[in-house]
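Biologist: Please take a close look at one part of this model, its parallel sheet, and explain how the strands are arranged and what surrounds them.

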Amino acid sequence: MSIPWLMGKAQTVQGPIDGTELGVTLAHEHVLMDGSALYAEPSASSDKGRAFRPVDWDVLGWLRYHPFENVDNLRLLDEDTMTQEVMQFKAAGGRTIVDQGNNGLGRDVNALARISRITGLNIIMGSGYYTANSLNPAVFSKTVDEIAGEIVRDITEGVGLTGIKSGLIGEIGTSWPIHEFEKKSLLAAVKAQRETGAPINVHPGRHPLGPITAAKILLDAGADMSRVAFSHIDGRVRTHEGRMELARLGCYLEYDLFGYEGHFPVFAGSDPIDLPNDTTRIYEIRDLLEAGYLDRVLISHDIVCKTKLVRYGGWGYAHISNYVVPMMLKRGLSREVVDTIMIENPRRFFSFV
Ligand SMILES: [Zn+2]
């Protein structure tokens, strides 16, 4: 079932617009976010004192290796700072930012609408639930129908009494192994997709099998896989064959950690996951292109902490436009290919069906 007034349109916090108006789009960002729940206590006693320090010069070097071990680093709460940061994307030619924040990530719908109005950028807002560890366990007793109902309401009526509506289902958080509530959350996403025609974005558990495991749950529930994107491919699926297995299902593969070059180790349990650098990301995207899956690639920076902001020495929201696109062109991807990845694929994915 689709919603007549949304068909072919993308839904921004300022209302539906034609998919062709999205322009250059960052498919997975966080404009305002409270990631305090994702804080991990440092193991070394000497580091524990740094965990509650404000992000400033004295901890920046340490944070490069321990981004999730400092609470302040996980809080993108200052509206003026975030407005200035996203304006850099606009200045670089960007038009649309997808804020994947939802329940668990401190979604602030009114602030997103204000930032969209001030900057003139389109902002598409998420819905549904992030990972179980980001949530109050009181929500775990919700049924699939209840969760699906909430998502459908966010899309058709708006969040709470704001009238501000979500334009996607996601990022739906899953852990490794998948938590029971997260399974319900995935099933609810499929149900809500069937009722609205909205795209689904999944945050896979931190394991090479995270995406395919979530994909099988979605498939069994009858999801339209051509309307599903798997986030963080560059932090999860590190073999070409693993990526092909996902691509053959018809879903989107999202390289959304551009700028992040592995200064700190990423682990799946005790096994290290090798985070690629930007050049390797580009080569992997070229491999997908050669395998016939160019129309299934999305890219972004997934800005989740202060140290990724320009203000704190990071690369910010304009990194792809200003630095990655020239790298792509230099490595043989044509302007047409770049436009497919940054304009055409997001237009298709974020337009309701
Ligand atoms: Zn994520």
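Modeller: A residue is called buried if 20 or more other C-beta atoms lie within 10 Å of its own. The model is predicted, and this definition can be applied to one residue of the sheet. Ile 299 has 27 other C-beta atoms within 10 Å, and therefore it is buried. This residue lies in strand 14.

Strand 14 belongs to an open sheet of five strands, whose order is 8-9-10-11-14 and whose pairing is parallel. The edges of the sheet are strand 8, residues 169-173, and strand 14, residues 297-299. Each of these two has a single partner strand, so one side of each lacks a neighbour in the sheet. On average, neighbouring strands are turned by 25 degrees against each other, direction ignored. In general, the strands of a sheet pair through backbone hydrogen bonds, either parallel or antiparallel.

At the edge formed by strand 14, the partner is strand 11, residues 252-255, and the two pair in the parallel sense over three bridges. Here Glu 254 stands opposite Leu 298 of strand 14. The surroundings of Ile 299 can be described in more detail. Not counting residues up to four places away in sequence, Ile 299 touches Ala 27, Tyr 255, Asp 256, Phe 258, Ile 320, Ile 341 and Met 342. One of these contacts, Ile 320, is 21 residues away along the chain, and the C-alpha atoms of Ile 299 and Ile 320 are separated by 8.5 Å.

At the other edge, strand 8 and strand 9 also pair in the parallel sense over three bridges. The bridge partner of Ile 172 in strand 9 is Val 202. Although strand 8 stands at an edge, five of its five residues are buried, so this strand is largely enclosed by the rest of the structure.

Helix 6, residues 180-196, packs on the sheet and touches strand 8 and strand 9, the latter spanning residues 200-203. The direction of helix 6 makes about 165 degrees with that of strand 8. Together, strand 8, helix 6 and strand 9 make a right-handed β-α-β unit.

The sheet and the helix can also be related to the nonpolar core. In soluble globular proteins, nonpolar side chains tend to be buried together. The largest nonpolar core has 84 residues, of which Ile 123, Ile 151, Ala 189 and Ile 299 touch the most other members. Helix 6 gives the most to this core, with six residues.

Technical notes. Residues are numbered from 1 along each chain as its sequence is written. This is a predicted model: local features need pLDDT of at least 70, side-chain atom pairs count only at pLDDT 80 or more; totals for chains, interfaces and linings use all residues. Two strands pair if DSSP finds at least two bridges between them. Helices (H or I, at least four residues) and strands (E, at least two) are DSSP runs, numbered from the N terminus. Axes are lines fitted to C-alpha atoms, for helices over the stretch in contact, and angles run from 0 to 180 degrees between N-to-C directions. Two residues are in contact if their C-beta atoms, placed from the backbone, lie within 7 Å. A nonpolar core is a set of buried Ala, Val, Leu, Ile, Met, Phe, Trp, Tyr and Cys residues joined through C-beta atoms within 7 Å. A residue is buried if 20 or more other C-beta atoms lie within 10 Å of its own, exposed if 12 or fewer, and partly exposed in between; C-beta atoms are placed from the backbone. A crossover is right-handed if, with the strands pointing away from the viewer, the path from the first strand over the helix to the second runs clockwise.
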